Amino acid sequence: MTCSLPSCKNPCIRTIESEHEKHQCHEVYCQKKCTIKGCSRSCGVKDHFHDLVAGAEHLCGNEHARAESCEMPGICEIFTELVRQNRVFQGQRGSFEYEHVSEQNGLRKGCCIPIPRFQRSHQGPHVHTKNENVVHYCDTRCQACGYFCRLPLDHHGLHDTVHGNMRNVRFISEEEDNDIQDRKYKWGEKGEAEMCHIYCRKQGRGHIHLVPCPKMCTNNLYDGSRHETVKYGPDVDVSKDGMTHDTYWKYVRFVDPCTQEERQEFNRCSHRHSSIVPHHVIFVIDKLGSMGTSDITPTMVRFARHNSRLGYVYEAILRFIITSQIPVSDDSISVILFNKSATVAVEIQDMEDGVVDRLLPHQSHGGTTFSSGLGSAEQLMVKATRDLRVHMKVPVVIFLSDGGNK
């Protein structure tokens with residue numbers, strides 16, 4: 001006869017002569033698997049018929065690590081990893097490439113307290129460390145980029161973080177078309193291509209931030225806030241309050257990510273009368289044949305046709321423009337490309353992303369003569385003294401070449 005345990009097919013080891021009510025095989029332990037998640041051991045109860053006991057708990061008899069996360073208030077660890085990714089924003093009014101520069105994550109670590117033998121849980125809360133003095137971090141996020149505050153839980157004063165791309169916001173504006181320098185948006189489109197502090201820089205002096213008007217209008221609570229005087233879309237039926245730059249960051253209770261100089265500039269009226277002297281930046285770029293070498297290449301898809309040193313220089317000019325887009329300056333840009341002769345590819349334009357598109361038709365070829373590029377730069381500077389757009393701007397020449405003068 002087989003064992004009386006329904007799931008067991010082993011033969012009974014008792015003799016026919018002995019009286020017994022159930023058939024017992026040679027196994028003495030329960031054959032069920034431990035029911036703790038992730039454990040593959042067998043039940044540790046020394047009773048082959050344990051599974052037939054009402055309400056039987058199948059546990060292996062070993063300690064188990066907890067799969068649950070720490071449940072103490074706050075965030076166990078916050079880390080920001082610098083990651084450069086080139087992404088493409090596809091909007092209703094066109095597309096453009098932008099750089100996504102960092103990524104932040106808040107982590108709840110696993111519980112460090114094991115489950116005792118023959119128990120389903122340990123006593124007390126789940127914690128990631130037994131150190132009573134460990135610091136958990138604030139779990140408040142920036143409303144725009146979603147980055148966690150990097151200060152300890154229950155800290156005093158404003159929250160503080162690094163800030164990233166504004167993935168949690170959509171553009172609200174008075175007009176349906178919303179231009180931020182060369183980037184063209186429709187109201188309601190996501191702000192993921194812009195970063196919190198860079199966006200403020202681009203908006204410049206006198207810019208405002210819009211927030212939904214609460215039941216008690218913010219102009220009754222904050223200096224630097226007022227109820228809307230025009231309607232902002234796309235949700236024109238939702239009342240909004242406009243706030244100055246300083247007031248907005250106090251309202252969201254985060255440290256202002258912009259510099260003191262920038263904040264002073266933002267607080268001025270929207271008409272420019274800054275005492276800071278702007279510049280006319282003139283790039284003089286060698287495009288001789290060796291600039292077509294691919295030992296160093298751009299990373300942006302925008303420059304895919306120029307997989308070369310020259311393309312890398314074009315990308316560097318774009319990065320220069322992006323980092324120079326600060327409202328305390330009113331810089332202009334020109335670009336001269338030369339080999340044995342010179343071409344003014346960009347002549348006295350505002351410092352905006354789109355000017356690099358004028359460089360893309362130009363390829364590397366030929367030999368090089370420094371005098372052709374420098375002579376053209378000299379002529380352009382003389383011409384600029386008679387141009388009302390730039391005659392008061394300080395000229396700055398940036399000369400780049402990978403070869404020798406012939």
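**Entry 1: Asp-357 and its partner**

I looked up Asp-357 and found it partly exposed at 38% relative accessibility. In these notes buried means under 20% relative accessible area, exposed means over 50%, and partly exposed lies in between (1.4 Å probe, protein chains only). The model is a predicted one: local features need pLDDT of at least 70, side-chain atom pairs count only at pLDDT 80 or more, and totals for chains, interfaces and linings use all residues. Residues are numbered from 1 along each chain as its sequence is written, and side-chain values use heavy atoms, with hydrogens and water left out.

Which residue meets Asp-357 in a salt bridge? I found Arg-302, at 3.3 Å from N to O. A salt bridge here is a side-chain nitrogen of Lys or Arg within 4 Å of a carboxyl oxygen of Asp or Glu. The two residues are 55 apart along the chain: Arg-302 sits in the loop between S10 and H4, Asp-357 in the loop between S12 and H5. Arg-302 is partly exposed too, with a relative accessible area of 23%.

**Entry 2: other salt bridges**

I noted 23 salt bridges in the structure. Side chains of opposite charge can pair when their charged atoms come close.

I checked Glu-99 with Arg-319, where the closest N and O atoms are 2.5 Å apart. This pair links distant parts of the chain, strand S2 and helix H4, 220 residues apart. Glu-99 counts as buried, because its relative accessibility is 18%. Arg-319 counts as partly exposed at 26%.

Next I took Lys-240 and Asp-235, whose side chains meet at 3.2 Å, N to O. Is Lys-240 buried or exposed? It is buried, at 2% relative accessibility. Asp-235 is partly exposed at 33%.

I also followed a network of salt bridges that share partners. It joins Arg-93, Glu-176, Asp-177, Asp-179, Lys-184 and Lys-186.

**Entry 3: the whole chain**

I counted five helices and 13 strands in the protein chain. Helices (H or I, at least four residues) and strands (E, at least two) are DSSP runs, numbered from the N terminus.

The C-alpha trace spans about 120 × 65 × 40 Å along its principal axes. The radius of gyration is 34 Å, whereas a compact globule of 406 residues would have one near 22 Å. That radius is taken over C-alpha atoms, and the globule rule is 2.2 Å times the number of residues to the power 0.38. Of the 406 residues, 40% count as buried.

**Entry 4: a four-strand sheet**

I traced an open sheet of four strands in the order S12-S11-S10-S13, with mixed pairing. Two strands pair if DSSP finds at least two bridges between them. S12 (342-350) and S13 (394-400) stand at the edges with a single partner strand each, so one side of each has no neighbour in the sheet. The twist averages 15° from one strand to the next. Axes are lines fitted to C-alpha atoms, for helices over the stretch in contact, and angles run from 0 to 180 degrees between N-to-C directions.

How many bridges join S10 and S11? I found seven, between residues 279-286 and 332-338, in the parallel sense. Ile-285 stands opposite Leu-337 in S11.

Then I looked at the helices on this sheet. H4 (residues 309-324) lies across S10, S11 and S13, at about 170° to S10. H5 (residues 370-384) touches S10, S11, S12 and S13 (contact means heavy atoms within 4.5 Å). The direction of H5 makes about 160° with that of S10.

**Entry 5: nonpolar cores**

I turned to the largest nonpolar core, which has 25 residues. Such a core is a set of buried Ala, Val, Leu, Ile, Met, Phe, Trp, Tyr and Cys residues joined through side-chain atoms within 4.5 Å. Tyr-185, Cys-196 and Trp-249 touch the most other members. S2 (94-107), H1 (196-203) and H2 (245-251) each give two or more residues to this core. The largest share, three residues, comes from H1.

Leaving aside neighbours within four places in sequence, I found Tyr-185 in contact with residues including Phe-89, Phe-96, Phe-171 and Ile-180. A second, separate core has 23 residues, among them Met-291, Val-346, Met-351 and Val-355.

**Entry 6: Leu-59**

Last, I looked up Leu-59, in the segment before strand S1 (77-91). Leu-59 is buried, with a relative accessible area of 6%. Beyond its neighbours within four places, its contacts include Cys-34, Ile-36, Val-45 and Phe-118. The C-alpha atoms of Leu-59 and Gln-85 are separated by 48 Å, with their positions 26 residues apart along the chain.
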